[in-house]
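Could you walk me through this structure and show how each label is earned? I would like to see the cut-offs as well as the conclusions.

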Amino acid sequence: MLTTTPLQQQLDTQRDDRLRVVIAGAGVAGLTLAAMLRTQGLHPVLIERMPQMEHPGYMLALMPIVDAALRDIGAHDAYLASSTPLARYAFRSHRGKTLRSDDLGALLEVHGDYQGIDRGALIDVLTADGCPVSFGTTVTAVDDGRATFSTGEQASFDLLVAADGIHSRTRDLLDVGDVASLETGWSGWVTWSNVLGDDPTLGEELWGDGFFLGVYPVKDRLGVFLGGPSSDLSIGAAAFAAHARQAAPEIGPRLQAALDAVAADPDPYLWPLTDVRSERWVSGRAVLLGDAASGFLPTAGIGAGMAIESAWMLGRMLAHADRANLDALLAEWERVQKPRVESAQSNSRMLAKLMFRRGTAVAWLRETAARMMSVKSVIGPIIKLVAEQPDPDAVARRALGR
Ligand SMILES: Cc1cc2nc3c(=O)[nH]c(=O)nc-3n(C[C@H](O)[C@H](O)[C@H](O)COP(=O)(O)OP(=O)(O)OC[C@H]3O[C@@H](n4cnc5c(N)ncnc54)[C@H](O)[C@@H]3O)c2cc1C
């Protein structure tokens, strides 16, 4: 549970820590890192811009790369209890017919669990041991190891972590080089459907002609994503859902219920489909973490997984850190983790190029290819990342020449 705590109280509690860590952003990356550091007896100062946790919530499919982090913070059983296995994935034609269905769970089970979870439930899992946070607080200036907060306090830190998401403001205060963004020109609404259908472990996607519909199971419900070119979405969610229904008459009751849910939602959240990639992750004694470092398109369902992995790597490596050797550890963390994250991000970009297209001819071509290609080949680079997860302790020892 997140425990609202005055900033000064958090700063006082961490005063004698081996490392004084300030984390900006209580999303999945910031919360994972905070939990990892608490297992080492540290008291990371966690701040969050929102006045309280009131995120609209959405579904996350989490690859097995998150298992190690959840085990280290003692939350793996709670995670499994709060999520649902993603056993199968079905690919639909642009008219809605199921073209193929693959046993994704079996493909990944050799590496661990592949689960669907509501972001809010994941936050509960990550904070089950009690997590102090100061809401309504941001960092407004950083100068030579000192941070100024929006609430007026100032404090010295050994490490500042910008974990404040894809539009990170903390990143703007740091020297991290070029921050490039990929704009797809598409956006999408996210909502929930209670119609699970015959197989509650089945995720489905329909790559339409100028629209995209996906349903992804979490515990006891389905997350729904309906997207299209941003200029077409100005007609509103209900009208766009009706347009999708007309264009894909073969979708069947489960996806029809998903479109009904979009149409019935009075205020579905609209996500612009952009990403971001920072040239550097480390700037002196500050780092970028999660989407603030490499913000993901949701197309490969891997952004949160990589954010959790990066936080776990950093957290485990910081167990070897003191104020004197921190620079070497941060440099090695970036050297090992950044290429992994950017490889996953490239895979998401490649999928976006295939998915976010107009034109019936493109749709036919894509479907012909989909019949022949295996899921394994499409997300091959991601499976490779899952299979080759680094050992953070070995990376830390190498950084320190031990
Ligand atoms: C619709 C959708 C579906 C997705 N599906 C998947 C999926 O299936 N699988 C997957 O792995 N990934 C998925 N992703 C990607 C995933 O959600 C992100 O990669 C992940 O949440 C990044 O975590 P984060 O902690 O870095 O950022 P966030 O989760 O965005 O958290 C950032 C936090 O920082 C706070 N904040 C913002 N500004 C400040 C500030 N200045 N100071 C302090 N706090 C601040 C925010 O309020 C927020 O709480 C999806 C994303 C979307 C949008």
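Helices (H or I, at least four residues) and strands (E, at least two) are DSSP runs, numbered from the N terminus. This is a predicted model, in which local features need pLDDT of at least 70, side-chain atom pairs count only at pLDDT 80 or more, and totals for chains, interfaces and linings use all residues. Residues are numbered from 1 along each chain as its sequence is written.

Q: What makes helix 9 stand out in the shell around the ligand?
A: Helix 9 gives the most to that shell, with four residues. A residue counts as near a molecule if its C-beta atom, placed from the backbone, lies within 6 Å of it. Of the 35 residues around the ligand, G25, G27, G165, G290 and G303 come nearest. Two or more shell residues come from each of helix 2 (28-39), strand 4 (59-62) and helix 9 (303-318).

Q: How do the residues of the shell around the ligand divide into nonpolar, polar and charged?
A: There are 20 nonpolar, 10 polar and five charged residues. Here Ala, Val, Leu, Ile, Met, Phe, Trp, Tyr, Cys and Pro count as nonpolar, Asp, Glu, Lys and Arg as charged, and the others, Gly among them, as polar.

Q: Why does the radius of gyration of the chain agree with a compact globule?
A: The radius is taken over C-alpha atoms, and the globule rule is 2.2 Å times the number of residues to the power 0.38. For 402 residues the rule gives a value near 21 Å, and the chain has 21 Å, so the two agree. The C-alpha trace spans about 65 × 45 × 40 Å along its principal axes, and the chain has 14 helices and 21 strands.

Q: Why is helix 2 called largely enclosed?
A: A residue is buried if 20 or more other C-beta atoms lie within 10 Å of its own, exposed if 12 or fewer, and partly exposed in between, with C-beta atoms placed from the backbone. In helix 2, 10 of the 12 residues are buried, so the rest of the structure largely encloses this helix. Among the buried ones are V28, L33 and M36. Across the chain, 47% of the 402 residues count as buried.

Q: How do you know that the length of helix 2 agrees with its 12 residues?
A: The expected span is 1.5 Å times one less than the number of residues. That gives 16 Å for helix 2, and its end C-alpha atoms are 17 Å apart, which agrees. Just after helix 2, G41 takes a positive phi of about 85°.

Q: What makes a set of residues a nonpolar core, and which have the most contacts inside the largest one?
A: A nonpolar core is a set of buried Ala, Val, Leu, Ile, Met, Phe, Trp, Tyr and Cys residues joined through C-beta atoms within 7 Å. The largest has 121 residues, and L33, V161 and L289 have the most contacts inside it. Helix 9 gives the most to this core, with 10 residues.

Q: Why is D144 called exposed, and D102 partly exposed?
A: D144 has 7 C-beta neighbours inside 10 Å, so it counts as exposed. D102, found in strand 7 (residues 98-102), has 15 other C-beta atoms within 10 Å and is therefore partly exposed.
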